[in-house]
Amino acid sequence: MGDHHHGPAKGLSRWLFTTNHKDIGTMYLWFSFSMFILGGAFAMIIRAELFQPGMQLVNPAFFNQMTTLHGLVMVFGAIMPSFVGLANWMIPMMIGAPDMALPRMNNWSFWILPPAFLILASTLFMEGGAPNFGWTFYAPLSTTYAPPSVTYFIFSIHVLGLSSIMGSINIIATVMNMRAPGMTYMKMPLFVWTWLITAFLLVAVMPVLAGAVTMMLMDIHFGTSFFSAAGGGDPVLFQHIFWFFGHPEVYIIILPAFGVVSQIIPTFARKPLFGYDSMVYATAAIAFLSFIVWAHHMYTVGMPVAGELFFMYATMLIAVPTGVKVFNWVTTMWRGAMTFETPMLFCMGFLVLFTIGGFTGLMLSIAPADFQYHDSYFVVAHFHYVMVAGAVFSMSAAVYYWLPKWCGRMYNETMGKTHFWISFVGFNITFFPQHFVGLAGMPRRIPDYALQFADFNMMSSIGAFIYGASQILFLYNVIATIVAGKPTSEAKTWEGAEGLEWTVATPAPYHTFETPPQVR
Amino acid sequence: MLRVSSNPVVDTVVKLASTAVIMFAFVFVVMVPLYNVLCDALGINGKTSGEAYTSVQAGVDESRTVTIQFVATNNEGMPWDFGPSVTMMKVHPGASNDTVFHARNPLPRAMVAQAIPSVSPSRAAAYFHKTECFCFNQQPLDGDSSAEMPLQFIIDRDLPSDIHTITLSYTIFDVTDMVGGSIAAR
């Protein structure tokens, strides 16, 4: 056992062979940020093309590759790995465990991720171009009419799915078996709870995604006809399978964000989280409902009325547990001694904007109304309000909140607040007008548009450039903090913070909780 | 609760990994057949029954006339000339009707085709009974030859009264490669 108390190894091998949850968490976070920049660059190309009507910069084929890769890279490369990184860093420290339950598998689940995205990005340079069928890769666009690079796309989905499944198995095994004595399930911090439930969702639906792309692979190369009417298959089947994965997927993205917000708001409201138990039950209820609402993404395929009604009511039902969460956060702040440091600003931005995204989601859930909204920019506005202002804002909040604990240096509060306000304003300038052009009939994934949408699109593009620039400021803030931030050694960075992670030294030592703490 | 290992971590991992494998298999083993069963049972997607209908003598409802439109489409890369002999018929529910589709294989080699029907509005699919249809079987055709393919159908007397026009669409697919061996033996 002699090697128990050593520090990190030197050089590159530290990162290649590390089994330390903090190292792996750090790698996940940096990897996801680089993917965030890559996906953001694709978004900038999209918005530059849409700055004015008519074809400006890129040809339509390349535009389609950009919308596809932007979606894939942001969902699978930026948002999901960033929360896995956060889970790696924080879950062992929050439950008083020395490391993850399966440290070697942890190393592997990270290191297969960069090759997967290298393969995906390399399709850009292949003959016939990158995948161009949208991140939802509906058959037959992704089978009969797909570019040859689709096979590489399928392989990269397999690999990153494997990475997600291994990561979630690790998280569940850690949470179920490695909690400190006295840490009962109902004493776990909410971030741990939301991740536990998210991990179960991942284990259940990532294999379904793998199944869908495997069927595509067989249709393309091995003469089966799962999605081809020629051999008795059905393209609509693809949509059912995809969204059976895809709807739980959106909760996989947002539940850890809920967890982050539930950690941060009590700290800066200086009050315990209101309705802890109901938060746990609401999370579980959302996870359950996510499995029975998938067809609300496909109201227009020609379902029987009974089906439309079932999926409509089931979808509306999700507003109840989500409302419980939003009201609990608001009630936590009620009469709290609130201060507005950067993490809190991002959480409040989250609260306001995510709620707007939730309301537009409710509008989209109404089957008869959805026939107008379907595949329009209204949908684009809706899911960016929940994905960006939901997941990305909460991720930014998490970084500012825990960065002092990670590196022992304090970020510059003025710079952090500047990042927030530019993000907040830029985000709204980008996506709020998209509601209007969507309702007026502008379809999504389109490189050119009718003249009446020109003003709002230019506004949207300007907002996108502002929002994109604010993320460079984010990068600067993080690097400046790590390199030259004011050193801090207070165990509790924030006066109102609660939880085991604030009981360890700052910066967090390489090994923490080698002897488990006693939780009362 | 079932325990597969005395080590609790191994126990959790084995259970979760099995769940993942089961979910992967679930897509192939359950979702695909379930989808087909549901489509059949609910009569959605305009899929008509793939088997011949045995008619029940219920009399012809001469008070009602339904327009039947025929549409023929070639799937991508299918070179046959394929189409209905008449594009439209007016029929009475309960009566037996005959029509033919003609097909010509312009290539010098023998081919096999499969026609896939679809009925619109899809609600009408359950009331469109085919007593004989070329779509029930694969259709072989020698090179540079043509054939008349019969269709015999009855519109159910219970067809909802708001449906006045039914479109029957056939898409013809080249399945020569799929039946490969058997055509050579013929």
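**Exercise 1.** Describe how helix 7 of chain A passes helix 8 of chain A.

*Solution.* Helix 7 of chain A passes helix 8 of chain A in a left-handed crossing (the near helix is turned anticlockwise from the far one by less than a right angle). Helices here are DSSP runs of H or I with at least four residues, strands are runs of E with at least two, and both are numbered from the N terminus.

This is a predicted model, in which local features need pLDDT of at least 70, side-chain atom pairs count only at pLDDT 80 or more, and totals for chains, interfaces and linings use all residues. Residues are numbered from 1 along each chain as its sequence is written, with chains lettered from A and ligands numbered from 1 in the order in which they are written.

Next, the axes of helix 7 (residues 190–221) and helix 8 (residues 235–269) of chain A come within 8 Å and cross at roughly 165°. Therefore helix 7 of chain A is roughly antiparallel to helix 8 of chain A (angles over 145 degrees, on a scale from 0 to 180 degrees between N-to-C directions).

**Exercise 2.** Find the edge strands of the open sheet with order 3-1-9-5-7 in chain B.

*Solution.* The sheet has five strands with mixed pairing; strands pair if DSSP finds at least two bridges between them. Strand 3 (88–91) and strand 7 (139–141) of chain B stand at the edges, each with a single partner strand, so one side of each has no neighbour in the sheet. The twist averages 30° from one strand to the next.

Inside the order, strand 5 (residues 111–120) and strand 9 (residues 165–174) of chain B pair in the antiparallel sense over eight bridges. B:Pro117 stands opposite B:Tyr170 in strand 9 of chain B.

How values were computed. Parallel < 35°, antiparallel > 145°, perpendicular 65-115°, else oblique.
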